[in-house]
Each structure stands twice: as C-alpha cells, then as structure tokens.
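Reader: Please take a close look at one chain of this model and describe the surfaces it buries, both within itself and against its partner.

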Amino acid sequence: MTSVQPPATNQSASSSKPSVSVKSIILTIGAVAIVIFSLAPVLWELLTSIKTNAAITADPLVYFPSWNQYTLQHYIDLFQDGFYIYIFNSALVAVVSTVLCLCIGSPAAYALARLKLPGERIILAVVLVVTLFPYILLFLGLLEIVRALGLANNYLALIIPYTAINLPLTILAMRSFFQQLPRDLEDSAKIDGYSTLGMLVKIIIPLTLPALVTTGILAFIFAWNEYIFALTFITRESMKTIPVAAAQLAGTTLFDIPYGPLAAATIVGTLPLIFLVLFFQRKIVQGLTAGSVKG
Amino acid sequence: MSNLEIKHLNKTYSSKIVPVRDMSLAVEEGEFLTLVGPSGCGKSTTLRMIAGLEQPTKGQVIINDKDVTHVRAGDRDIAMVFQSYALYPHMSVYENMASGLKLQGMNEREVRDRIEEANRVLGLDDFLNRKPAQLSGGQRQRVALGRALVRRPAVFLLDEPLSNLDALLREQVRADLKQIFEKQSAPVVYVTHDQTEAMTLSTKVAVLNKGDIQQLDSPSTIYNRPANQFVAGFIGSPQMNLLNLNCENNQAVLGNSRIPLPDRFVPPPEVVLGIRPEHLQIATSEDTQTVSGQVFLVENLGMSNLLSVRVNGSDHLTLRALLPSDQSWDEQITLTLPTERIHWFNMQTGERLPDSTTEREMTTTR
C-alpha cells in the first residue's frame, strides 16, 4: 500500500517531472508479482540444477549462491549416464504421434467441415464424448490391449494411444479453422485450374499452417509430458521417455534423493518445449487470430 | 467468337428444394447478361453450374459450341469473380493474378505482359507486391477483376461482385466495370440482386424467381413492358403501383374513377392495374383519365417527393406518386394516369394481358 499516494504523485507531476500515474505503478507491481509467482518454481528448479550438492542441502536456504557454489556437474552426470537416449525416445514418440495426429485429424476435420456428411452431428458428438473419458480409466483397458497385441516395450505402444488421445482435439480445432476458411477460395482455385492435390498444397496448407502448428504443438506437449502410459507400457531401460527416466533417477543410497540431477533432468526435459513454442510463437498467434481473409 | 448456352438446366436437391427448375438461355459474343432476382431465386446456383462448381441434375452447359456439362471447372475456359473477392491471402497481388496463367503453362514473360496490360485498365501498378490484406475493399475487387481479365476466357462469370463495397464505391466500380467489359467481347454473365446494376450494366437481363426465368429481354423492355406482375414489381424503384381492381363493363373501378380497359382483350371480372410512381402526374384540366385521393405520407427523396395517396372511394387502395420536388400539391390531389403507361395483368396468373396492335407497332419501331 505504500505506493498509493495520489497527492505526492500529483505534486511531482506539477514540479515538471514526467508524471507516473498510480495506476501504472500498481499495474507494474501486479505484473511482476504474477510473473514471480508463476515462474518461481521453474527458477528454483533451474537454480537447483546449477548448485553444488552442498549448496542444495545447506540449512539456511541458499537463494543467491556465491561463485564457488555453481556447478554444471549435474548436467554432466546426467549425460554421462546416457540421458540423451531418453530425449531421443521422447522426441521420437512425440514427433511421430503429432505428425500422425495431424495427418489423420486434418482430413477428417476437412471432411466434417466441408462435405455435407450424413450423421455429421453424431460423428462430432462421438468425437467430443471421447475427450470426456478420464484417461486413467482408459488405461486399464489399454494395458490389456497392449499385452494382447504384444506391443509392450515397443514405441508403438505409446505412439498409438497418444495419437488416439490427441485426435479429438485435433479434429475439433482444425474443423473450426476449416469452417472459417472461405469456401470461395477453394472454388476460385478450382476455376483457376488447380487439381485437388495442387489446391491442397498451394492454397489450403499454406493457409492452415498456423492452425496446424497450434494444434500440433498442443499434441506434442501432451505426448512429451505423458507419464503413466510411458511408465507402464515401456519397461526396457533404453526405451524410456524423459518423464519416466527423470522420475526414476536414483541416488547412491535408498534415502538419498538426487535433487541436483532431478532438477537438471527437469530443465533438460522442459527446454525443447520452450524452444518449440518460442520458435513457432508467431504462427501460434496467427493461428489464434486466424480467419481474417475477407476483412 | 465465343458463346455460352444453357439448355434446360435443372438442379434438384430434394423434391422440395429445387433451386433451379428449367433454365434455358444463350449469351453471344459481346453480350452482357445479368441474372437478377430476389434471394433464393436460383441465380447463384445457375452461375455455379455454368462455372462447373455445381453439377446440374439435368440439362446441358455449352461453351463455344462444346458440351462442357461434365468438364471440370478448370478446363472450361471461364473466369469468375466472387462476392468475397476470394483472393489467395498468402500470395501477392501479382501472384494472385498470375496463378491461373501459370497453371495453363504460360511462360513468365507472357504472364508479365498480360498482367501489365490488365493493369493499364485497372491501375494496380503500385500494389503488385502487396498482399490482399493490405488493400482496401475497392482495390481487392479490382485485383479479383484483374485475375479474371488476364485469363482472357471464353466466358466471364461475376457473382455479385459489388455487394461487399459501400454505396459510394459501388457506383464508381459499377461505372468502371461497364467500361472494362465494353472494351472486350467475351460474353459476360453477371449475377446480382440489385436492379440498378442489372439495368445499368447489361445488354440483356434475365429476371428470375423461384428457379424459373420470368422474363429475358433488354433492360428497357423489362422496364417498359414487364412480362408479368412479378417482374413489374421487382424492377423499378420505387416499386410499381399494383392494384387489384374489379371490372364493370369495359372499365376498371378505381375508387370513384373508371379507367377504360383497352378493347384488345375480353374484359375479365377482376384485373391488376400497374403504373410506375414516376409516371403519375398531377392532373391538369385537360386530362380525362384521372383519380383523386388524399395524401397521407410524403417521403422526401431529395430530387423528388414520394407521395402516398389514399384513393377516394376505396380506402384500401393506395397509389404512390413520384413528383419533382419543386412541384407543390394539395392535401386533396388529383392524379392523371397516362394510358400508354398503364400495364394490365391477369389477376390469376399474373401474366401481362395482350397488347393492342397499335402499341405493338410502337415498340417494334422504337
């Protein structure tokens, strides 16, 4: 409340200083507080990953380590233990399931948006209902299926369920995007002489790229972060994904919790997502504000 | 020489939804045909069938004496301008105009020449590298037109190209359109719900209603001799007065007045009298065919006043008259109905009643 002093700011404004309104001060403080509140756990994790073990366990918590308390040893340990294999596993599973999701979901969405299918509403309702199932409930059934098909310890055991779980979201999001796409554009392309494939490649895909990226990233994040399926369906060490591998990092003794490596693994697991989002940020914004063709 | 012909075109979605019933017409070289009608009359569906975007249930589309009913849109040698412009938003103006030509396998140099030539008419030189989003509505419309012009197609199809423009711009672009299409000879089919566009642009107008052609004629014939009650009411603004009147002997009863029916047809018991508001005048002492009434509403249109008059002797009948704004009038007004301006329609069928021999001679000599 110390910042709320309207008479003082009025005076300073009259004494030829640039005026700073109370509103903007409160706004700034509020914004900073919110950023700290949401980023603090991440920052703490980051800090933990670059502190020495001694600094991590020191009794008065070390918020600002001195120069000799920094180390990259946790990261080095992590990669010496072959952590990159988990990154590869995660990336493979996430990328393949995302691509599959878009490749199957987009045509389905296009059909639902453009063709006057009989029972279109029913199909949409069914797609929506699928998203309502708590996926923990699906898990037991899936486990049986994975066992019956002998898919355990196979990347497909993750790729297929991830794709299936992300499909409804992809279909619904892409459908609403296709509906916004003016039909005249496709008619115009037909009259210009584009073949169906040419129209898809030259006209529709460039226009739907933002939507593809947006839904793709959502699907990718889910697949990248998923834990329970990955924990259960994959037991072979060399095929584990990052969330599982990070959770199973063990210390030298039963009661030794390896905070440093855990934090390092978390950071390594998060960084690709951050880069991905930053890289496609512009496209995402376009995707969210799409449809302004007619103007 | 290019031409377009459609024969008995029909589109049926279900037994109740028949947007186009039976449409036959031909557009020759140098002709500008407008399909006009209220929404749902089948004009856009007809155009889409000509374009090949919609398959007709029955009938044929013939371009340059070749049956193209089952040819895909891209191979019909047509160009179409859409109401929403339908420019590709991710391509520049130049690419938009070039895309169709490149698909035809034209080389870069020829494409450039064509676009330059179109630009001489359209004045788009400064915008060639811009994206459609950076253009105003009028400019986008010109790009869409340019995209059609550079193709030099056998037939131009335009689907309400002015409907998205604001009123002032619409008049400008309308004039531009007229000039552009007068300079080239390929047949044009233009769809609109706006009768002013139909009247000003076309050499031929087809008035459509409920999937059928009501009248196919030159704009002046449509205005002066509407074929039926629907055309009479649809074309012309303010709308034509259409009054259902009883007949006595050889006269129609209009309030206290009697309007003599022409002797060229057997007098029916009831008849529809049509007269345009702009053809009603304040009666002078010499006029014999007059009707008097009470002015109950005056709408000032700027250059003229639109008077609504309740006919003396039958309260349910109103006449609307368009008078020049410098003319004054009394509350009680007497209007004259010039015989040659009166249209008679059959009450049941709505069809125009046969014209007298003299009137027919007049129109053919005109």
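Author: What follows treats chain B, its two domains and then its interface with chain A.

This is a predicted model, in which local features need pLDDT of at least 70, side-chain atom pairs count only at pLDDT 80 or more, and totals for chains, interfaces and linings use all residues. Residues are numbered from 1 along each chain as its sequence is written, chains are lettered from A and ligands numbered from 1 in the order in which they are written, and side-chain values use heavy atoms, with hydrogens and water left out.

Chain B splits into domain 1 (3-233) and domain 2 (238-365), with bounds that come from an automatic or database domain assignment. The C-alpha centres of these two domains of chain B are 37 Å apart. Where they meet, ten residues of domain 1 are in contact with 17 residues of domain 2, contact meaning heavy atoms within 4.5 Å. The two domains of chain B bury about 1,100 Å² between them, and 44% of that lies on carbon and sulfur atoms; buried area is the accessible area (1.4 Å probe) that two parts lose on being put together, summed over both. On the domain 1 side, Tyr223(B), Arg225(B) and Gln229(B) supply 53% of the area buried against domain 2, more than any other three residues.

Zero salt bridges are found across this domain interface of chain B, a salt bridge being a side-chain nitrogen of Lys or Arg within 4 Å of a carboxyl oxygen of Asp or Glu. Six residue pairs (both at pLDDT 80 or more) are in polar contact across the interface of the two domains of chain B. A polar contact is a pair of N or O atoms within 3.5 Å; within protein, one must be able to donate a hydrogen and the other to accept it, and residues adjacent in sequence count only if both atoms are side-chain atoms.

Turning to the partner chain, the contact takes 25 residues from chain B and 18 residues from chain A. The area buried between chain B and chain A is about 1,900 Å², with carbon and sulfur atoms giving 59% of it. Of the area that chain B buries against chain A, Tyr88(B), His90(B) and Leu103(B) supply 26%, more than any other three residues.

Two salt bridges are found across the interface of chain B and chain A. Asp192(A) forms a salt bridge with Arg151(B), with the closest N and O atoms 3.3 Å apart. Ten residue pairs (both at pLDDT 80 or more) are in polar contact across the interface of chain B and chain A.
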